[in-house]
Amino acid sequence: MRIKWVECAALSVMAALSVMTGGGSWFLALALGVTLLKCLLIPTYHSTDFEVHRNWLAITHSLPISQWYYEATSEWTLDYPPFFAWFEYALSHVAKYFDQEMLNVHNLNYSSSRTLLFQRFSVIFTDALFVYAVHECCKCVDGKKACKELTEKPKFILSVLLLWNFGLLIVDHIHFQYNGFLFGLMLLSIARLFQKRHMEGAFLFAVLLHFKHIYLYVAPAYGIYLLRSYCFTANKPDGSIRWNSFSFVRLISLGLTVFLVSALSLGPFLALNQLPQVFSRLFPFKRGLCHAYWAPNFWAVYNALDKVLSVIGLQLKLLDPKKIPKASMTSGLVQQFQHTVLPSVTPLVTLICTLIAILPSIFCLWFKPQGPRGFLRCLILCALSSFMFGWHVHEKAILLAILPMSLLSVGKAGDASIFLILSTTGHYSLFPLLFTAPGKKNLFLIGWKLSTSLAWALWKSSVNLYSLSPPGS
Amino acid sequence: MFGDYEAQRHWQEITFNLPIKQWYFNSSDNNLQYWGLDYPPLTAYHSLLCAYVAQFINPDWIALHSSRGYESQAHKLFMRATVLIADLLIYIPAVVLHCCCLKEISTKKKIANALCILLYPGLILIDYGHFQIMYNSVSLGLALWGVLGVSCDWDLLGSLAFCLAVNYKQMELYHSLPFFCFLLGKCFKKGLKGKGFVLFVKLAGTVVASFTLCWLPFFTERAQALQVLRRLFPVDRGLFEDKVANIWCSVSVFLKIKDILPHHVQIIVSFCLTLLSLLPACVKLTLQPSPKGFRFTLVSCALSFFLFSFQVHEKSILLVSLPVCLVLSEIPFMSTWFLLVSTFSMLPLLLKDDLLMPSVVTTMAFFIACATSFSIFEKTSEEELRLKSFSVSVRKHLPRFTFLPRIIQHLFIISVITMVLLTLMTVTLDPPQKLPDLFSVLVSSVSCLNFLFFLVYFNIIVMWDSKDGRNQKKIH
């Protein structure tokens, strides 16, 4: 009976909100609508990530801090930074009212209906931060013309693109992860930077880094932007640096913020002398170049080329079959391997490639800052470059590029067309995450088609809207 | 045992493996007690079509006798796909076409209208919910095509579509009287001696032809047709089964009608009451046929049948909900209210199928969609509720009668609060031991009261409708 109480409570809250929506607030209607959709997705397929998070709930609840990064009963060890561990700890205190059994570390693959309900509801609930962040982002987006038609307002378009992002729905509410509120933090920090509240933006990003370190992909953009546009308080008339406007105070306050956040996060583990262990968990370079689910990046193509060349080489008798290692690069979840024909790729090589890829945008950000929009572009480029050339990249990382791109796409027609291509291919590449009964795939094929046509329709309308605006703005 | 899902699968098995003559008869191969066929021939033909596809994919699904209770992921997907395809081909185009034909409304509102109609929770839950696979969308869609045809003056096509609907599910007969009266009224208008008579003959011909076509295989022997009729109209079953938001079920809480009146008297009483309650609207429609009056008469007739007829199933409320969806754009507030009550009235059925979460979610989604598209809470004046002429007439006798909109608003709030409370109670509490059916009885009684109110309301609209039109013409 307890499940029904919780369901009723949650649904009563939403019912009350929906009555308030009767007043006509479209934003609330959109947010509530997508929340209702998320509720309908509760009983659908979930991946092993469900067990991962249950395991982390168990670890943080039952074990002392000193054991958190050493515990290895389950294969899904804790590999997110400490803030996320604290988040799971907080959640575990609510979880014990749902089902005490899920907090037992030895209950591997435990998934009672109450556990499922709790986990799903926790994702839906923490998405509130994402909704708030989208609300803040909408404030930063202004149409050039005053639009009477609701569906042509950039705010409306942006809300739909972000709140109903199908990639996020697939990853968070089916495959099961907590990306919603993390992206909420990122979008909120971007919005703060747009609103010229740089300290808050920096603080939020620092916090975000300690929740999930994948956001290191975009850290260069933040660093360079804050250094260039915040620490140097003024520019020369032609836009280049005015060196004497450097403000040490600002630099130090930024540094202090980052330092304090890191101290809060890593401090306990430094005191316990566990930092190397934490880092080895956070950055598992032994895992291999490509993740099990192929992320469509450069190294996937590289591997495929290597395979093709080796097959050709075998046919043409240029290669000795005995020298080719038996381990294939696609079998198994995490493995290291050697390439056969092309030179092997080490983590250092991927880092260098990534750095080379982001260099142009970084240079632009330094030498020709274009305000928050330029920063956003650089951020997207950093995310895309890291996705392309990074080591052990997940498919889900494409969301890191798609979501900020939505912000840009409502501003200019050119950006909108790029966004169309990016979001379509990005969302399509997420489909292997749903490898289960074909029915689900069909459902999301429909959803993907809908989102694509939505993006196309919005692109068309934004082209109309901005056809009169001058280019390069 | 398993519900309508197994029934549909069984019908595919029967229609595929047995000759037509045996479909409706009890035999060693066809045990009528085990989900016997009790819908008209068109349902059987549709099952046959699905069975051919099933045979192509996996013959085990419809193997005679050995496939009873068959359930697998692939089979579920197949069955759900058949419902979806039927929906896409018949129901959804009809809804879209209906919204396109609405006059004096912007394109955006037309799309919003279509969205709200398609989001109606009742149809979605019954057709796609756990073990209910009912193909209601086929019969409702065909009826909708009929309404569209007849409203746009394509009378022959419209009546053909409606005949097909009746031949798909006999419950569509609830809608038959308004169709008959509307078309009759059109014939009268065109003049009984000239065009009207020609139209009458053409329509009669269409109806007879379509019925003959569907029933052709069963006309070879008299026994066949009679047996089919006996399966379709089980008159020996009684006034009601289970808890239905019906007058009879609600009254039987106090008076055990089933025990007091003998069987044939029950049938006569229900027949008379039904006729009495729908006569005024139908007569009005015959004398003054108009598409708008037609739609409202559909609502009131179907509602009368639902409330007073015999052997009414909870799902029959869908037959009333469809016409109400059609008038959604004209009286959004009352229509939304009615559709919410209709979904609520099916609550015991939905809870039995474990559909609490989807039903609440879809109801809220529907409510949000309607509230934001039509801004229903602003449209509660007399004018908006189409009660202007009624109030004017009443005010001739009672000059102080200005509080009708406020009463209706209060009633709405009371109704919604009651529904929410009852839902919460049904879900969380256990009924007392002496009254195990307490909550379903409460649900059906509350819904019945709501429906009675709506019956009165829609009848008022129909009866006072033309005066409204005449007044408007005077103003313009």
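# Briefing: a predicted two-chain model

Lys169(B) sits over the face of Tyr39(B), 4.4 Å from the ring centre. This contact belongs to a predicted model. The predictor assigns the complex an ipTM of 0.74 and a pTM of 0.80. Aromatic pairs number 56 over all chains, from a search of the whole structure.

**Confidence**

- Chain A has a mean pLDDT of 79, with 78% of its residues at 70 or more.
- In chain A, residues 327–335 have pLDDT below 50. That stretch still makes 15 contacts in the model beyond near neighbours in sequence.
- Residues 464–473 of chain A also stay under 50. The model gives them 15 contacts beyond four places in sequence.
- Chain B averages a pLDDT of 85, and 95% of the residues score at least 70.
- Residues 467–476 of chain B stay under 50 in pLDDT. Here the model has five contacts beyond four places in sequence.
- Where pLDDT is low, the predicted coordinates should not be read in detail.

**Chain A: overall build**

- Chain A contains 19 helices and zero strands.
- Of its 473 residues, 51% count as buried.
- Take the contacts in chain A with a separation of 6 or more: 75% of them join residues 24 or more positions apart.
- Helix H7 of chain A (residues 154–163) is mostly covered, with nine of its ten residues buried.
- The buried residues of H7(A) include Pro154(A), Phe156(A), Ser159(A) and Leu163(A). Ile157(A), Leu158(A), Val160(A), Leu161(A) and Leu162(A) are also among them.

**Chain A: a tryptophan pair**

- How are the rings of Trp68(A) and Trp86(A) arranged? Their centres are 5.2 Å apart and their planes meet at 70°, which is over the 60 degrees required, so the pair is edge-to-face.
- The pair links distant parts of the chain, 18 residues apart. Trp68(A) is in helix H4 (residues 65–68) of chain A, and Trp86(A) is in helix H5 (residues 82–95) of chain A.
- Trp68(A) has 2% relative accessibility, so it counts as buried.
- Trp86(A) has a relative accessible area of 31%, so it is partly exposed.

**Nonpolar cores**

- The largest nonpolar core has 131 residues. Which of them touch the most other members? They are Phe306(B), Leu307(B), Met334(B), Phe338(B) and Phe451(B).
- A second, separate core holds 100 residues. Trp56(A), Phe83(A), Cys231(A) and Ile362(A) are among its members.

**Chain B: Phe306 and the aromatic cluster**

- One aromatic cluster in chain B includes Phe296(B), Phe306(B), Phe333(B), Trp337(B), Phe338(B) and Phe412(B). Phe451(B), Phe453(B), Phe454(B), Tyr457(B) and Phe458(B) belong to this cluster too.
- Phe306(B) is placed in helix H14 (residues 291–308) of chain B.
- The relative accessible area of Phe306(B) is 1%, so the residue is buried.
- Phe306(B) and Phe451(B) are 145 residues apart along the chain. Their C-alpha atoms are separated by 9.4 Å.
- Phe306(B) is in contact with Phe451(B), leaving aside neighbours within four places in sequence. Its other contacts include Tyr174(B), Val244(B), Ala245(B), Asn246(B) and Val312(B). His313(B), Glu314(B), Ser316(B), Ile317(B) and Val320(B) are also touched by Phe306(B).

**Chain B: polar contacts of buried side chains**

- Ser137(B) lies in helix H6 (residues 136–151) of chain B.
- Is Ser137(B) buried or exposed? Its relative accessible area is 0%, so Ser137(B) is buried.
- The side chain of Ser137(B) makes a polar contact with the side chain of Asp87(B), at 3.5 Å.
- Not counting residues up to four places away in sequence, Ser137(B) touches Asp87(B), Tyr91(B), Leu123(B) and Asp127(B).
- Asp4(B) is part of helix H1 (residues 4–17) of chain B.
- Asp4(B) has 18% relative accessibility, and residues under 20% are buried, so Asp4(B) counts as buried.
- Which side chain makes a polar contact with the side chain of Asp4(B)? The partner is Lys315(B), at 3.0 Å.

Technical notes:
Residues numbered from 1 in each chain as written. Chains lettered and ligands numbered in written order. Predicted model: local features only at pLDDT ≥ 70, side-chain atom pairs only at ≥ 80, totals over all residues. Heavy atoms only, no water. Phe/Tyr/Trp six-rings, centres within 6.5 Å; stacked < 30°, edge-to-face > 60°. Helix = DSSP H or I, 4+ residues; strand = E, 2+ residues; numbered from the N terminus. Buried < 20%, exposed > 50% of the residue type's maximum accessible area, 1.4 Å probe, protein only. Lys NZ or Arg CZ within 6 Å of the ring centre and 35° of its normal. Polar contact = N/O pair within 3.5 Å; in protein donor to acceptor, adjacent residues only side chain to side chain. Contact = heavy atoms within 4.5 Å. pLDDT = per-residue confidence, 0-100. Core = buried A, V, L, I, M, F, W, Y, C linked by side-chain atoms within 4.5 Å.
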